[in-house]
Amino acid sequence: MFGLVHLVPGDPVRLALGTRFSQESYDALRERSGLDQPLVEQFFGWFGRALTGDLGVSFRSGETVTSQIAERLPATLTLAFASILVALLIAVPLGTVSALRPRSLVDRVATVISQFGISVPDFWMGIVLILVFAGTLGWLPSGGYVPLTEDPGAWLQRLLMPALVTGVVSGSVITRFVRSSVLEALGADHVRTAQAKGLGTRQVFTWHVLRNALLPLVTVTGVQLAYLLSGVVVVEIVFSWPGLGQLALQAVQARDYPVLQGAILLFALVFLVINLVVDLLYSAIDPRIRR
Amino acid sequence: MRTTRLISLGAVGALALSACSGGGESVDTGVDGGGGGGDNTLVAAVGAQPDQLDPHATSAYPSFQVLENVYDTLVVPSPDDLTMVPSLAESWETSEDGLTWTFTLREGVTFHDGSEFDAADVVYSYNRIMDEDLQNAYRFENVESVEAVDPQTVEITVSQPTPNLPALIGGFKGMAILPEGAAEEYDLKTEAVGTGPFTLESFDASSTQLAAYEDYWGGAPELAGVEFRYITEPAAALTALENGEVQWTDNVPPQQIESLQGNEDVQLESIPSVDYWYMSMNFAREPFADPLVRQAIATAIDRESVTEAARFGAAQANQTAIPEGNFFASDYAPFEADAEAARQLLEESGVALPIEMGLMVTDEFPETVTAAQVIASQLEPIGITVDVQTVDFATWLDRQAQGDFDAFMLGWLGNLDPFDYYHSQHITDGVNNYQGYSNPEVDRLLQAASSETDRDTRKELYNEAVRMIVDDVSYLYLYNPNVVQAWAPGLTGYTIRPDKAINFEDVELP
């Protein structure tokens, strides 16, 4: 990872200095950033400090990488969990209904909606929402982020549109999984047996269908959540949402290696943790896995 | 970077859509600005977060948008013609031989931390830049010493007459005066202690907040404070301006100027800037080393249509760097868009056709990508196949520095003195002479002009050099863009400036 980040062409010192500077200024900044050291030395220095939780200092801002990540973490967590909530609120009812009535009008409408969510670019959806709800109707502010602790009302107002956009995108993906896994469960032998035993539709559905359909749902929700937690760059930019995606993008553009490495490390960690949680949920849902 | 471009394209589409659906009626939103707004605080929507706030260390425009209101310099460019006028220095004079500059400092100025401003602060600030080789150290290239004669007098000694010294030390807030010892006492990357009209309140990932400095030497500002809110997406910034969340923005893409002009919710201004955009070819690569080939290209390009495509009319085509109306501007314009004449020049050169030319542009500045496409279509008929290479800015700068290009397009921004426009770009081995141009006569003229103290003679020297630079096509000049900014109708006391400095000192909210 360290190697990959440094392999990308582009010189952070030149980027920081812009177009007007002298060679002396270039050399001085290179030395101050530690970029004059051999790459191997830079790596072991970074690795050693990272083990103690010190991810270094941003070239661009001079702040520590940990403080920059910490500053943006609440906004990212807020948006990610709100989006997953929106996604599940869309996906579970929509997917289930269309699976229960395959090839019906409801199913077709659901397919069209989820196809729309997947194929419409999120920046376009975001801008249209801004123009309608902040512009024409004037119901919501056009963007920004206010911490929940500061002003819950303002927090919610600003969260609605970005959460809707990312929620619709994730929800559309999840809807298809819900539909196919419910369909599959419906056709399974044990469901037929349960029905033959004379159990009511509701009972069959809750205990025999939904529980089996939950496994793929948990997996895909976990993947979506991990993706949302690594920052949704485009939506963050459109809604001026100060999340990790923007930080990572700025770091890439400025070749701010310490921040980039810190962000990648964090994203890797997020995936690991979420995979672990998903595995634990599996065994909670499915007794067969516990053995 | 690709995403950013897609976003702005998307914005255009979406705006067009809203225009069709009968927008235009004014909208009253119950939405409050949030954050700091409301209490006589101006909220300004800017495109990006400052990278850091140390005026001596940053080179980023978003930083200077903020710092302009927090720090002062000895002299400043006047808002109307950009000549240097007093600020922290009340007056200055040059010795007979032009080697000693004496600045008399303003009295009764205090820093935001309450300390008195005097000559020691000037000496400290300038020495900090020089000793640590910070970003702007090159501006002191001719400076031998900076000394405090007494608390109100600073003497700067230069190695050769430097008529542009005031522009060098006052052109922008990168040359700000800090209190003595500030770098040791404060974390200047996130804290600020200047003498300007506003103090820094907070600096985070959403906005930078300033508060009025009551003891400002120019009189306390009318506003209680300023909030710079980062809104990258232009459609969002304009919506925020229209519904009153923000009162000022410079995030106005040129393609939207026309649609905004009739909008009652927005006061829009577009004036010529001091920037210029150009194309340059690699003198170390065949066939571009051949002056006839370069002249053929300069003849084939129709600057008017390039300008129109890149800036939607918010620019003036130019064959030299300095915009019309500036004292130092030249009216030299030898090229007339003519494909037939261009073809003849190529024939004369004897170069085998077709010529393949890589034209390096960057999506950091989307207008270069558009301009390059137009240039490519104009060079096609004369037998030059242009490969438009769009790369990110980091890669672009690397390749420029390594000389790894046939041709590139970029701009020089924030120029004040003719030295800024021409010197390091065209003098042999100049730090910005990436194209590898060398003409002994141009060198002589540029050197002479850089130390000429008589303004008229200096103009003649530069204009003579410019003719050769243009004839040799060291740079192929394209256009001077406009500064475009928009604010709430009824906002007073704000002056849009050609150097894009943004100063809210005298602003009053509607």
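**Reading the domains and unusual residues**

Tutor: In this predicted model, the C-alpha centres of domain 1 of chain A and domain 2 of chain A lie 38 Å apart; the domain bounds come from an automatic or database domain assignment. Local features here need pLDDT of at least 70, side-chain atom pairs count only at pLDDT 80 or more, and totals for chains, interfaces and linings use all residues. Residues are numbered from 1 along each chain as its sequence is written, while chains are lettered from A and ligands numbered from 1 in the order in which they are written.

Student: How many residues does each domain of chain A give to the contact?

Tutor: Domain 1 gives 9 residues and domain 2 gives 6. Two residues are in contact if their C-beta atoms, placed from the backbone, lie within 7 Å.

Student: Why is Asn40(B) called exposed?

Tutor: A residue is exposed if 12 or fewer other C-beta atoms lie within 10 Å of its own, buried if 20 or more do, and partly exposed in between, with C-beta atoms placed from the backbone. Asn40(B) has 12 C-beta neighbours inside 10 Å, and therefore counts as exposed.

Student: Why is Phe312(B) called partly exposed?

Tutor: Phe312(B) has 18 other C-beta atoms within 10 Å, so it is partly exposed.

Student: What makes the phi of Phe312(B) notable?

Tutor: Phe312(B) has a positive phi of about 50° although it is not a glycine. Most residues other than glycine have a negative phi.

Student: What kind of peptide bond joins Glu286(B) and Pro287(B)?

Tutor: That bond is cis, with omega about -5°. Most peptide bonds are trans.
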